[in-house]
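Trainee: Hi! Could you walk me through this one at an easy pace? I'd like to look at the packing and then at some odd spots.

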Amino acid sequence: MLDLLVIGGGVNGTGIARDAAMRGLSVMLIEKKDFAAGASGANSGMIHGGARYLLTDRDLTRIACIDSGYIQRIAPHLLFRIPFLFPVLTKNGHATLADRAYLYSAECYFAEYDRFQPLKNGKQSALLNDKEMHDLEPGLAKDLAGGLSTDEYGIDPFRLCTLNARSAAEHGAEIANHTEVTHLLRGDGGRVEGAGLRHALTGERREVRARAVFNACGAWGPKIAALAGVELKLRPAKGVHVTLDRRLSNYGVSTRSVDGRDVFILPHEDSTIIGTTDDDYYGDPDDVAVHDDEVKYLLQSAEAYFPAVREARVLRAWAGVRPTLYEYGPLEDKLSRDHVIHDHAEAGAPGLFSIVGGKLASFRLMSEEAVDAVCRALGKGAPCTTHTLPLPGGEATAPGVDALTREHQVPPFAAARLSYRHGSEAPRVLALCAERQELRAQACPCEGVLFAELAFALRSEFAEGLLDLRRRCRLGMGICQGARCAGPAAALYQEERKATADEALAQAEALLDERWKGHRPVLGNDALAQAELTRGTYFTTGALRGAP
Amino acid sequence: MNADVAVVGGGMAGACAALAASKAGARVIEISRAPGATAVSSGAIDFAATSSGESLRAGAERLALRPGHPYSLLGKDLGAALDGALLLLRHSLSSLGLAGARTGADGNLWLASPLGRQKAAALAQGPIAAGDLHALPAGARLGVAALCGGQAIEARLIASGLHQSLSPASSAVALDLDFYPAAADAQRQLAEIAADLDRPGRRSAFGEALSRAAKRAGATHILVPTVGLANPVAAQAELGSAAGLPVFELLGAPPSVPGLRLQRALEAALEAAGVIRVRGIAERSLSAQLQIIRGGECEQVSCKAVVLASGRFLGGGIRCAPDGTLGDSALGLPAWAGARRRIVSLMNEELAGQRAGDRHLALEAGLRADSRLRALDEDGRPATANGAPVFAAGAALGGYDPARGDGGLGVAALTGRLAGLFAAEAAR
């Protein structure tokens, strides 16, 4: 019998599995789709210090900043600095008393936040005038009353979850993605003692017994709790982001939407992300669609502060469902971002725990609290070490791009991207090139993904298909959205998995379908041209679906 | 500038319109902004999907039953138009060794696709057409050349896909070559390989490498990703004699070598026919029929008929304005996606299906035309450019999707040729 079965492969589930495995518990992690397939992969990718909590709870900000510092320590390669600008607009160039008062209050606010910045190696804020703001970001709207700068960090959330899962496995946990729960096993007094599992790809069924079961399923959490007859109440909210085809700015830009909410323009890897919306969601978390009014809302906010947004092409729109804590009354945006750990013993399901709410940025701390609760219940487990022991690739400084390029004869751009995604493990990935010359080539030139990186993910990172490879390596997430890479990646998949041609091409089509889903809500002129080219490549020339 | 007929667009539809009008005695000017969809096409010219053994005409007539398909406009003239287009292409593109169907009574070729599927097309460039999979002798063993880098990985997928569809009568196998052995060779792109093969001595060395690999694998026929860029007929012959086996070429995915060749051959055919070619952006003129914008210059074009053969979204002929309104980019004529003038990106099944390969009316958007291929205005009447009739051809016409077997470059050639003839007639 295991100590702990963790259900859910988001940042909480993978974080809990890692923490528990490192404390010496015997652990299994299951996920019905793939790591970060839900809200953990559909957020702004920020490791922030919780500046917004300052207004209500200074201690939350302090804790968030400390944890942001810890994440820098354990995954230094995965974090990238996003300096931020908060522009204050004027009407027709004259700062009113209200504009100046707003600027002054912002100055006080960020001066307060500055006290916590050293905890996460963040830079101090600065009050900037219109000229200074435009010197930093020439694309900002004209005639600002001024603005503030501050400092935050971004992360690739998909890799964060994958690395947590890999680290858990290295500490002895069994990892099973593409595995869903069919039912919970019950013992004396209704004790939850494990679960029936079904592999989503092979259909294989099994039962796993565990002394504790952790429900870390985010918006799907209520469904799992219901299997134990427990009501888990959430107020789920849908958040939409759009991705632009380019880096629009060097700074993150904070904007005000038409209804007064904060919407951010974020430089993220080679793209720009604009988001997010926040609306109550009553639908199925497995079927979240983006509507064009949501896209227009985001672009309208961004355009007011950064008119050049309209020159970029919107690559796609995507959505996730936040597992926000239940509260009746407040507007979505005012709901608490706090988290709660439930022990369902009193609800008649001892052995079952759930975690709900929270933020990506504080996942490590939340996992620590969650595993503390399990350890108390089980009466075993060493102290937490997730804040000191690095994630895979974070053990040492990543080798320089020049050295990787020279030694392994790969394009410098691909070496740079590989070094970001894999840190000190980059040479281990590139060592695969010694097998065959071909693995040095780029499968996805937009994101600099080498065939070797795909092979590594298929062999060592629990990737089962092209959609998993997208999450591991950003395959197909660049400007052509899969037009270049779906075929080559399918070919590599076939080799690595000894699959049939039909199976490999089904993988290519699945990637194209998933990319199309994000394309549909943003079908403007350029998106239509791209779709014509992509479909020409795969369905006209490639005859992917065979003869009509 | 003065001309009888002004053709906007220099891809397959525009070239066929200009060639046909020129042959009919008109003085023709062809205006194109840049290479478009034709230049990234695969090297296959598809008129209609057919089942194996079915005639092209039968396939085309089936498409003509679909409301909105350009073939549905042509009534009983469709068969003659099909024959005429095949003849025009074979005649004008002889430098590519174009082969396949001679008339509508013939069937499609079945060509190896870059994904290892079989792609049906009426015509293809010589080295591609020679690889008609349905014409392979029983017992043939097709060796797919795996050269270097990503191409080598893809070659193994192609070989396994073809093997699946060819067996048990014949088989396919990947040929691992030692032609590009260096680590840096992994980064070579197909167009670079094609250019390399055109260098003195390289193609015969490649042929010898193919011969060695084919012997090892017991291949009887060889499929290569490219024979070179410049002269496909001579290149195929050279490779074949060096390899000692028949050598065929795969269709190309963008950026496609055969597509580049096709574009060049069309341009050469236009030059040879005496068509005046102008690079620039064509737009509506207040004083003449069209004006051409080139950098800071603006030149008026007086003509007696206009042909819009400017492509769809990829070619730039059809634009979707920021508010979703569809129109042609030169004259601003209305375009439709199904029954809609605007693309509203609501989650609307009618305009955009759920899966990438589904039918999407948004991607079939284009101009409407009458049975004489005259472009129609908002009220359904033939449109004019300052009094001159306007014809439409190729992807600028709505109602067909090459990705769904509705015909691709073949529809462009067929409607282009007709639009050119009609325009020349109107100019007389």
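Mentor: Happy to! Keep in mind that this is a predicted model. Let's begin with two helices of chain B: α3 (residues 78–92) and α10 (residues 409–427) pack with their axes 9 Å apart, at an angle of about 100 degrees.

Trainee: Why give an angle and a distance?

Mentor: Two packed helices are described by the angle between their axes and the distance between those axes.

Trainee: OK, so are α3(B) and α10(B) roughly parallel or roughly perpendicular?

Mentor: Roughly perpendicular, because angles of 65 to 115 degrees count that way, and α3(B) and α10(B) pack at about 100 degrees.

Trainee: Which residues make the contact between them?

Mentor: From α3(B) you have B:Leu78, B:Ala81, B:Leu82, B:Gly84, B:Ala85, B:Leu88 and B:Leu89. On the α10(B) side there are B:Ala413, B:Leu414, B:Arg417 and B:Leu418.

Trainee: And how many of those are nonpolar, polar or charged?

Mentor: In the contact of α3(B) with α10(B), nine are nonpolar, one is polar and one is charged.

Trainee: What does B:Leu414 touch?

Mentor: If you skip its neighbours within four places in sequence, B:Leu414 is in contact with B:Phe47, B:Tyr71, B:Leu74, B:Leu78, B:Ala81, B:Leu82 and B:Ala85.

Trainee: Nice. Which residues touch the most other members in the largest nonpolar core?

Mentor: That core has 150 residues, and the ones touching the most other members are A:Leu454, B:Val5, B:Met12, B:Phe47, B:Leu89 and B:Leu414. The element giving the most to this core is α10(B), with eleven residues. Apart from it there is another core, of 54 residues, including A:Ala17, A:Ala20, A:Phe214 and A:Ile273.

Trainee: Back to α3(B) for a second. How does α1(B) pack against it?

Mentor: Helix α1 (residues 12–23) of chain B meets α3(B) at an angle of about 90 degrees, and their axes are 11 Å apart. That makes these two roughly perpendicular as well.

Trainee: Who meets whom there, between α1(B) and α3(B)?

Mentor: B:Met12, B:Cys16, B:Leu19 and B:Lys23 come from α1(B), and they meet B:Leu88, B:Leu89, B:His91 and B:Ser92 of α3(B). The residues of this contact divide into five nonpolar, two polar and one charged.

Trainee: New topic: rings! How many aromatic pairs are there over all chains?

Mentor: The structure holds nine. Take A:Phe35 and A:Phe462: their ring centres are 6.0 Å apart and their planes are at 90 degrees, so the pair is edge-to-face.

Trainee: Where do A:Phe35 and A:Phe462 lie in chain A?

Mentor: A:Phe35 is in the loop between β2 (27–30) and β3 (46–47), while A:Phe462 is in the loop between α12 (451–460) and α13 (466–473). The pair therefore ties together parts that are 427 residues apart in sequence.

Trainee: Is A:Phe35 buried or exposed? And what about A:Phe462?

Mentor: A:Phe35 is buried, with a relative accessible area of 0%. A:Phe462 comes out at 24% relative accessibility, so it counts as partly exposed.

Trainee: Which rings are linked into a cluster?

Mentor: Ring pairs link A:Phe84, A:Phe86, A:Tyr109, A:Phe110 and A:Phe264 into one.

Trainee: Now the odd spots. Which residues that are not glycine have a positive phi?

Mentor: Here are two. A:Phe462, from the ring pair, has a phi of about 60 degrees. A:Asp143 has a phi of about 55 degrees, and A:Asp143 is in the loop between α4 (130–136) and β6 (144–155) of chain A. At 41% relative accessibility, A:Asp143 counts as partly exposed.

Trainee: And where are there cis peptide bonds?

Mentor: One runs from B:Ser167 to B:Pro168, with omega near 10 degrees. B:Pro168 lies in the loop between α5 (149–166) and β9 (171–176) of chain B. Another runs from B:Pro254 to B:Pro255, with omega near -5 degrees, and B:Pro255 is in the loop between β11 (247–249) and α9 (257–272) of chain B.

Trainee: Last one: what does A:Ala173 touch?

Mentor: Not counting residues up to four places away in sequence, A:Ala173 touches A:Ala21, A:Val27 and A:Ala168. A:Ala173 counts as buried, at 8% relative accessibility. A:Ala173 and A:Leu25 are 148 residues apart in sequence, and their C-alpha atoms are 8.5 Å apart in space.

How values were computed:
Residues numbered from 1 in each chain as written. Chains lettered and ligands numbered in written order. Predicted model: local features only at pLDDT ≥ 70, side-chain atom pairs only at ≥ 80, totals over all residues. Heavy atoms only, no water. Axes fitted to C-alpha atoms, helices over the stretch in contact; angles between N-to-C directions. Helix = DSSP H or I, 4+ residues; strand = E, 2+ residues; numbered from the N terminus. Contact = heavy atoms within 4.5 Å. Nonpolar A, V, L, I, M, F, W, Y, C, P; charged D, E, K, R; others polar. Core = buried A, V, L, I, M, F, W, Y, C linked by side-chain atoms within 4.5 Å. Buried < 20%, exposed > 50% of the residue type's maximum accessible area, 1.4 Å probe, protein only. Phe/Tyr/Trp six-rings, centres within 6.5 Å; stacked < 30°, edge-to-face > 60°. Parallel < 35°, antiparallel > 145°, perpendicular 65-115°, else oblique.
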